[in-house]
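Student: I have a structure open and would like to understand the labels people attach to it. Could you take me through some of them?

Tutor: Happily; let us look together.

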Amino acid sequence: MAAALHFVTNTLRMLSGLLIWAAHFGIVYIATALVCARGFQELKWFGVGVVAWMVAIATTLAVGGILVVLVPAWRDLYRRSSWSATPAFIDWMTVAFGALALLAIVWVTLPVMLVPIC
Amino acid sequence: MDRNQEFPNTTPRPEEELSLLKKIWRAPSGWNFITVVNNEYIGIFYVGTAFLFFLLAGVLALLMRTQLAVPENNLLGQDTYNQIFTMHGTLMMFLFAVPAVEALGVLILPNMQAARDLPFPRLSAYAFWAYFAGGLAFFCSLFFDLAPKGGWFMYPPLTSYQFSPGDNSDFWLLGIGFIEITAIAAAIEIVVGVLLNRAPGMSLDKMPIYCWAMLVFAGMIMVAFPAVILCTALLELERSFEWPFFVAEKGGDPLLWQHLFWFFGHPEVYIIFLPAAGAVSMIIPTMVRKHLVGYRLVVLALVGTGFLSFALWVHHMFTVGLPQISMSYFSAASMAVSVPSGIQVFAWIATIAAGRLKLTVPALFTLGFLFIFVLGGLTGVMVAIVPLDWQVHDTYFVVAHLHYVLFGGMVFPLFGVFYYWAPYASAKPLSEKLGRWVCGLMFIGFNTAFFPMHITGLLGMPRRVYTYSAEVGWDTLNLVSTFGAFLIGAGVLVFLIDLILNFRPFRPEKAGNVWDAGTLEWLPSGDYAMRSIPIVESREPLWDQPNLAEDVEAGRYYLPGAPTGGRETVVTSPIDARPLYILPMPAGSWYPVLAAFGTAAFFLLLTVKQVVPALFFGVFAVAMIIRWVWDTDPGPTHPPVDIGGGITLPVYVTGPMSHSRWAMVVLMIVSASLFACLIFSYYFLWTVAPGFWPKGGDSLPDVAYPLAAGGLSLVSSAAMAYTSRALKSNRFWKVRLSLLLAVPLLIGALLTELWGQWQIGLRPTDSGYAAIVYTVISIQGFFITVAAIMGLYTFARSVCGLINRERRATFDNTMLFWHYTVVQGLIGLALVHLSPRFLG
Ligand code: HEM
Ligand SMILES: [Cu+2]
């Protein structure tokens, strides 16, 4: 039935920010652990260490991914009149979860510049 | 205009309708009362049992505090003290806090959503009885000197066979593993119930905050509990069969336990706190008589906390020597999670500021909670700072922090909830006068007991010591703490008196809406919940829809009777709550109760190594479960029914909207989470002890084995898909044959892989590597056993003519589980056979 599909797609969209955040966190954590366990932290590329590279790439992808979902939802929210509360609610939540996830991602990324790696 | 025309159904309703409704939903009497399944009964048993465990764990706490009151006390010895603090922590976390909030959900949610009951009432009953029997037996281990003594987080190697011989740790492992399973059963019930059983019109944005909190809560259980189930299983395998997961010399690592345990353990704190916060978000608006300020922000906070709290587990491991940068990730995430918690606190304060707070007992408890919880949050931010954590790690500072968060964040709201929702369940509300005493004694007692512990902690008093010497200067502070603990005890005693004097559950008349609250659980109700199911237009329908209670009572809304002649409720769509179909529901039955006792007996006998009787009860439990589900999937036996307002709903559906399908999907998410933790464990052990891993393909079984195993599983899945097609055209012999074929194929896949590993000489006791490989096989073996039982069960139903083109929910669920098992098996094969070849 359409209701089930509707639910799955809407839920995934609504939670996309947080899901991306979770993927980012998992990848960054596991990649760092592997690099440190295997002693690769000294590897450098253009003077920048592997861990910093990996974190930078993962963060760029994650932030990009969140924006791809967040911006259209933001626009929809802005355009929509108040006649139907539920879709507006879902758009609002999409934007808000995205924004919270952006904050958390940036927060997790910052220490790479400040803290010794392993 | 005629009032009747605005409503789905016209009144007056036929005379016999209400009496039929009453008769159908009436609880069984006499001995059969045990088989009752109504949420209002099971919910109260469930809350009551959780509260009993709170009392028992509280008595243990008082024993500990008495022991610590003066230096060099010898009331309890070292060994007893260890058992008592382990039992206290375990009971509070696993047998009180989680079940208590789950129980409240079972009790309140259906009425709050104007459903007649949650979708799987027998599952709730099963979960309750298993918890009741298993929990009490677990507690009794204390009287036989058999209680675990490794602390509530049971770190190996302390708890492994070498340092904890005897059965004590096994009680913890099997007992807790088992309690987790019942928690998952209740979580399935709650997820499906919140998503599919809401009043028409109660779209996601009109759902009471409490429903959101319970949804997030159940979702977190789905992801977090499998981790603890896995680590308890691993430790039990190590203890019973010496599979060395946590033994460093053999390529295991005790840190694996810590990772898995805290991946569960930190979210656990929020699992306990979020439902309490949800309840606070119901109490405050009622007591101020204003809508909750920032509803959307609060939803954001609940869901956001649910996610972010999973990234915190390592903050319990700051002192184990992880890479510095990794610790910063977790430190940062620990601070990020305080953002949503802060949002909630501000929303509550803003709501209070928007009106005038009536200082009733629930409101007082809420204020106490706000005060204590904010303090606990502050010390939490303090211990999230790595250097401070190094200083106070494992001191009484942590004990103070954790009780501020748990007692403040959960017990205070819970007592508020007891006072708030008592008139929902009882013929009399609890006493406002005694309630003030309860609240005052608990608040003063709590702060007297726990505030000094911050200082004892900073002075260096370690946690989990049974005594200390007089010279260190901790005695006055400890005496004060003990005095405070007894004040809390006095508060709880007054509460018990209040219960005895005023609490009158299971009566046809209820005290009802004494607070003038706005949500649906306050509608007049009987065993059948509400007389008719209203259309909801706002978040506080009782405030915004005048006469709602009276119209519901008169049967003007949907489904005023019992059109199918049995119990039923309406299933609505998960986003905007449009009525979809009628869900027939079971009445009470002995089978879930017997199955629950069988399951509990199985686990307990296993603990004391009585394998044969344990197996007997295991088989008994499975038989009872099969007998119980045999009555489900009744098929389209009833024509569509008219629920009023021109809406006619089917009584049976299959496919993606069937509620049993939703439960199956939830179960698959739980399973996937378990398997993901297993994959993590594999790679974790590989990074800490690569020396034990095969290099390249040489010391692995020949590729022919995994290829054959994978091939056999794929063919069995294909057989299932073929069965599905054959069923569509009602070709019954083909259905039965291919079902019978699929089962041995899947079992063959398992045996092939097992034989492949065995014949190269690998034994699970060899190393951490070998142990984890055999765990992958064992877990797959468990899934295949379940799939095989389901396959044979489906076959049996087909032989009995209970499955056909229209009536196929049973088959569909079996097929879904089957495909899941096959995919999981393929991933497992890839994990075990490809990783060493490509990464080694
Ligand atoms: C009546 C109020 C309570 C008192 C007086 C109390 C007292 C204590 C004491 C003395 C300890 C042992 C500290 C040590 O020796 O290390 C302890 C540990 C603990 N308590 Fe409580 N407690 C109370 C309520 C609670 C509640 C409501 C919860 C949870 C919902 C809880 C959870 C824990 C946990 C998890 C531990 C750690 C056990 C361990 O170290 O393994 N307590 N408590
Ligand atoms: Cu934590």
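Student: In the hairpin of strand 3 of chain B and strand 4 of chain B, which residue takes a positive phi?

Tutor: B:Gly645 does, with a phi near 60°, and the hairpin has two residues between its strands. Before going on: this is a predicted model, where local features need pLDDT of at least 70 and side-chain atom pairs count only at pLDDT 80 or more, while totals for chains, interfaces and linings use all residues. Residues are numbered from 1 along each chain as its sequence is written, chains are lettered from A in the order in which they are written, and side-chain values use heavy atoms, without hydrogens and water.

Student: What makes strand 3 and strand 4 of chain B a pair?

Tutor: Strands (DSSP runs of E, at least two residues, numbered from the N terminus) pair if DSSP finds at least two bridges between them. Three bridges join strand 3 (residues 641–644) to strand 4 (residues 647–649), so these antiparallel strands of chain B meet the rule. B:Gly644, for instance, has B:Ile647 as its bridge partner.

Student: Why is the space of about 180 Å³ called a cavity?

Tutor: On a 1 Å grid over the protein atoms alone, a cavity is a set of points where a 1.4 Å probe fits but cannot get out. The search finds six cavities of 30 Å³ or more, and the largest has that volume of about 180 Å³ (the space filled by probe spheres set on the points, which are joined across faces, edges and corners). Its lining, meaning residues with an atom within 4 Å of a point, has 19 residues, and B:Leu750 and B:Gly825 are among the closest to its centre. Helix 24 (809–839) of chain B gives the most, eight residues; helices are DSSP runs of H or I, at least four residues.

Student: How do you know that the lining of the second largest cavity is nonpolar?

Tutor: Ala, Val, Leu, Ile, Met, Phe, Trp, Tyr, Cys and Pro count as nonpolar, Asp, Glu, Lys and Arg as charged, and the others, Gly among them, as polar. The lining has 10 nonpolar, no polar and no charged residues, including B:Tyr210, B:Pro275 and B:Met410.

Student: How many salt bridges cross the interface of chain B and chain A?

Tutor: Zero. A salt bridge needs a side-chain nitrogen of Lys or Arg within 4 Å of a carboxyl oxygen of Asp or Glu. Still, 40 residues of chain B are in contact (heavy atoms within 4.5 Å) with 41 residues of chain A.

Technical notes. On a 1 Å grid over the protein atoms alone, a cavity is a set of points where a 1.4 Å probe fits but cannot get out, and a pocket is an open set with protein on both sides within 12 Å along at least five of seven lines; lining residues have an atom within 4 Å of a point.
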